[in-house]
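Hello,

Here is the structure I promised to pass on to you. My notes on what turned up in it follow just below.

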Amino acid sequence: MLEKQLMKGNEAIGEAAVIAGCRYYFGYPITPQSELIEYMARRLPAVGGTFLQAESEIAAINMVYGAAGAGARVMTSSSSPGVSLKQEGISYIAAGELPCVIVNIMRGGPGLGGIQPGQADYFQATKGGGHGDYHCIVVAPSSVQEMTDLTIHAFNLADQYRNPVMILGDGALGQMIEPVTFLDIPQFTADKSWATTGMGERNKPNSINTLYLEPETLEQVNTKLQHKYQVIEQQEVRWETSYTDDADLILVAYGITSRIATSAVEMARAAGHKVGLFRPITLWPFPKQALADIVAKASAVLTVELSAGQMVEDVNLAIKCSKPVYFHGRTGGMMMSSRDIYEKIVDILVAGRGE
């Protein structure tokens with residue numbers, strides 16, 4: 001599996017999941033992620049796995065709850081409004097400390113919106129989405145190759161921390177075809193003595209519960225979860241930078257938008273402008289300290305998103321509003337061009353010089 005092969009992003013996620021040991025998939029079709037569910041329908045039976053198209057997104061996420069509770073490596077996927085329907089189940093899974101992988105190939109919204117790419121599910125993914133104090137670990141690939149690598153990594157993270165992990169992609173990444181190599185990434189060996197697999201040699205059966213009628217007990221559960229999230233924030237932050245060492249203006253972008261922003265940064269550099277790019281790979285935990293350290297040497301920040309400006313909030317929090325934060329975005333499935341971003345860069349730099 002070390003040779004390069006051309007694959008569509010959605011299908012590459014599916015193959016990477018199989019390589020990672022995923023043998024259970026439950027989902028429901030929705031564009032632009034339907035190729036992933038189609039791929040799993042073909043692929044899982046061939047490796048002794050189970051594929052099931054549920055009657056709804058709500059049913060699918062509760063099937064994930066059951067399989068994860070039994071200790072299986074399990075995945076589901078959907079696109080924006082479908083993930084909205086899964087939110088109650090995701091909260092239950094987080095409360096039960098069950099490992100699973102959830103894929104959101106985002107589309108334009110709100111409402112049913114359209115099938116074109118979007119990034120307006122950032123708040124939903126990083127701020128919880130469902131009820132209660134919980135977090136999914138959220139990773140944002142920017143290429144088909146990274147989709148494969150982060151999918152395998154996501155299953156390892158899920159098992160390591162007993163936590164749902166969300167892969168936040170978009171319609172462009174899901175549909176594009178690029179060469180990929182499936183790397184030999186070791187599986188994390190997890191102790192799953194907690195799984196509901198029957199009595200075995202235990203004196204009493206395992207049980208997974210998220211209902212605690214005594215507030216003192218529920219507070220203890222929340223305290224335990226928050227401690228785990230603090231560890232994740234310390235240990236699992238990922239980001240990438242380019243041209244940031246001497247940059248006066250730092251662009252912040254993730255996913256497909258970071259690729260467009262990279263071209264804009266290169267255009268700016270060719271024109272003599274000191275511009276760099278900061279790409280968060282983990283959206284939760286957000287790489288706050290890394291961004292703050294880089295922005296400390298710059299004059300301003302430009303956040304670029306396919307939304308009305310959701311990541312702007314985390315950027316401002318990370319740098320404690322110490323520098324001006326500008327925004328450039330498109331919504332509704334519209335894509336900006338590198339020229340659009342370059343012109344915004346020039347406008348900011350000219351305004352900064354008082355011209």
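Helices and strands here are DSSP runs, of at least four residues (H or I) for a helix and at least two (E) for a strand, numbered from the N terminus. Please keep in mind that this is a predicted model.

With that naming in place, let me begin with the enclosed space. The search of the whole structure turned up one cavity of 30 Å³ or more, and the largest cavity holds about 30 Å³ of space. Helix α7 (residues 144–161) gives the largest share of its lining, three residues. The full lining consists of A72, R73, V74, P99, C100, F155, A158, D159 and K192. By class, that makes six nonpolar and three charged residues, with no polar ones.

A72 deserves a closer look. It sits in the loop between α3 (57–69) and β4 (74–78). Its relative accessible area is 17%, and because the cut-off for buried is under 20%, A72 counts as buried. If we set aside the neighbours within four places in sequence, A72 is in contact with Y24, A67, P99 and K192. Two of these names, P99 and K192, also appear in the cavity lining. The C-alpha atom of A72 is also 7.4 Å from that of R23, although the two are 49 residues apart along the chain.

Next, the open space. The largest pocket has a volume of about 260 Å³. It is lined by 14 residues, and S91, A95, G132, T210 and L218 are the closest to its centre. Two elements, α5 (87–95) and α9 (215–235), each give two or more residues to this lining. The lining of the largest pocket has eight nonpolar, five polar and one charged residues.

Now for a sheet you may want to display. It is open, has five strands in the order β9-β11-β10-β13-β14, and its pairing is mixed. At the edges are β9 (239–242) and β14 (325–329), each of which pairs on one side only. From one strand to the next, the twist averages 20°. Strands β9 and β11 (residues 275–280) run antiparallel and are joined by four bridges; in β11, R279 is the bridge partner of E240. Two helices pack on this sheet. Helix α10 (residues 255–270) touches β10 (249–252), β11 and β13 (300–305), and its direction makes about 165° with that of β11. Helix α12 (residues 311–319) touches β10, β11, β13 and β14, at about 155° to the direction of β13.

Finally, some backbone details to check in your own setup. There is a cis peptide bond from T31 to P32, with omega near 10°, and P32 lies in the loop between β2 (24–27) and α2 (34–46). Another cis peptide bond joins G109 and P110, with omega about 5°; P110 belongs to the loop between β5 (100–106) and α6 (122–126).

Which residues other than glycine have a positive phi? E97 is one of them, with phi near 55°, and K320 is another, at about 55°. E97 lies in the loop between α5 and β5 and is buried, at 11% relative accessibility. K320 lies in the loop between α12 and β14 and is exposed, with a relative accessible area of 70%.

Happy to talk it through whenever suits you.

Best wishes

Methods: Residues are numbered from 1 along each chain as its sequence is written. This is a predicted model: local features need pLDDT of at least 70, side-chain atom pairs count only at pLDDT 80 or more; totals for chains, interfaces and linings use all residues. Side-chain values use heavy atoms; hydrogens and water are left out. Two strands pair if DSSP finds at least two bridges between them. Axes are lines fitted to C-alpha atoms, for helices over the stretch in contact, and angles run from 0 to 180 degrees between N-to-C directions. Contact means heavy atoms within 4.5 Å. On a 1 Å grid over the protein atoms alone, a cavity is a set of points where a 1.4 Å probe fits but cannot get out, and a pocket is an open set with protein on both sides within 12 Å along at least five of seven lines; lining residues have an atom within 4 Å of a point. Grid points are joined across faces, edges and corners, and a volume is the space filled by probe spheres set on the points. Ala, Val, Leu, Ile, Met, Phe, Trp, Tyr, Cys and Pro count as nonpolar, Asp, Glu, Lys and Arg as charged, and the others, Gly among them, as polar. Buried means under 20% relative accessible area, exposed over 50%, partly exposed in between (1.4 Å probe, protein chains only).
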